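Me: Could you take a close look at one part of this model for me? I'd like to hear where a single residue sits and what surrounds it.

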Amino acid sequence: ERQKLMREQNILQQVFRILKAAFVDYGNKSGAGLQMNDLKDSKHGLQPLFRLCYRILKHSQQSYRKNQEYIAKQFGFMQNHIGYDVLAEETITALLHSNRKLLEKHITKKEIDTFVALVQTKKDHRFLEYLSDLCVANNEAIPSTQELICNALLKNKQAGSILIETRFALYI
C-alpha cells in the first residue's frame, strides 16, 4: 500500500526532481549548476541528500512492478551518479536483481562500460559484484548482458588490468 501511495502521490517524481535540481543552472552569477564531481565535496552537503533519495528509490521498488518500471525509465540519469558513493549502483542492481525483463530492456553497452571502467579505475570489488549481478536473473543467464560484458572486457586494451591470467599446464 505504501509503494502504491508513493506512486499515486508522485513521490518518486519528486525524488528525481531533487536529484536533478542540483545540476540545473538557475541563472545565478556563478554560471552553470553544480558538476558531478561536486557530489564528493562536503561543502555542498549533497552526498547525504542523494544517499537518502536513492534509499527511498531502492525501497519503493521492492516487489512493486509499477514503481520498478518508473524508476527503470530513469536509468540514463541514474547512471551519471554511479561511482560517487550516493547508492546509485546499489539502487540499480536491487532494481534489476531477479528481473530479467528490466535487465534485457534497460541494460545497454553504456551501463556495462560504466561498470567496467569503475572496476578498472577504483579497483573496488563492489563494482565487480554489481557487474556480475547484471549477468544473471533468477539463477538464469542473461546472454545479452553477458555478451556486452565480454565485449567490454575483451575488446578494451586496458582490460588486462582486471582480468586474471590463467594457464593450463599438462604435466606428464
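Me: Let's make it threonine 93: which helix is it in, and what does it touch?

Reply: Threonine 93 sits in helix H6, residues 88-96 (helices are DSSP runs of H or I, at least four residues, numbered from the N terminus). A caveat up front: this is a predicted model, where local features need pLDDT of at least 70 and side-chain atom pairs count only at pLDDT 80 or more, while totals for chains, interfaces and linings use all residues. Residues are numbered from 1 along each chain as its sequence is written, and side-chain values use heavy atoms, with hydrogens and water left out.

With a relative accessible area of 7%, threonine 93 is buried (under 20%, using a 1.4 Å probe and protein chains only). Leaving aside residues up to four places away in sequence, threonine 93 touches Tyr130 and Asp133, where contact means heavy atoms within 4.5 Å.

Now for the helix pair. H6 packs against helix H9 (residues 125-133) at an angle of about 25°, and their axes are 10 Å apart; axes are lines fitted to C-alpha atoms over the stretch in contact, with angles running from 0 to 180 degrees between N-to-C directions. That makes H6 roughly parallel to H9 (angles under 35 degrees). On the H6 side the contact is made by Glu89, Glu90 and Thr93, and on the H9 side by Arg126, Phe127, Tyr130 and Asp133. By type, the residues of this contact of H6 with H9 split into two nonpolar, one polar and four charged; here Phe and Tyr count as nonpolar, Asp, Glu and Arg as charged, and Thr falls among the others, as polar.

Note on methods:
Helix = DSSP H or I, 4+ residues; strand = E, 2+ residues; numbered from the N terminus. Buried < 20%, exposed > 50% of the residue type's maximum accessible area, 1.4 Å probe, protein only. Parallel < 35°, antiparallel > 145°, perpendicular 65-115°, else oblique.
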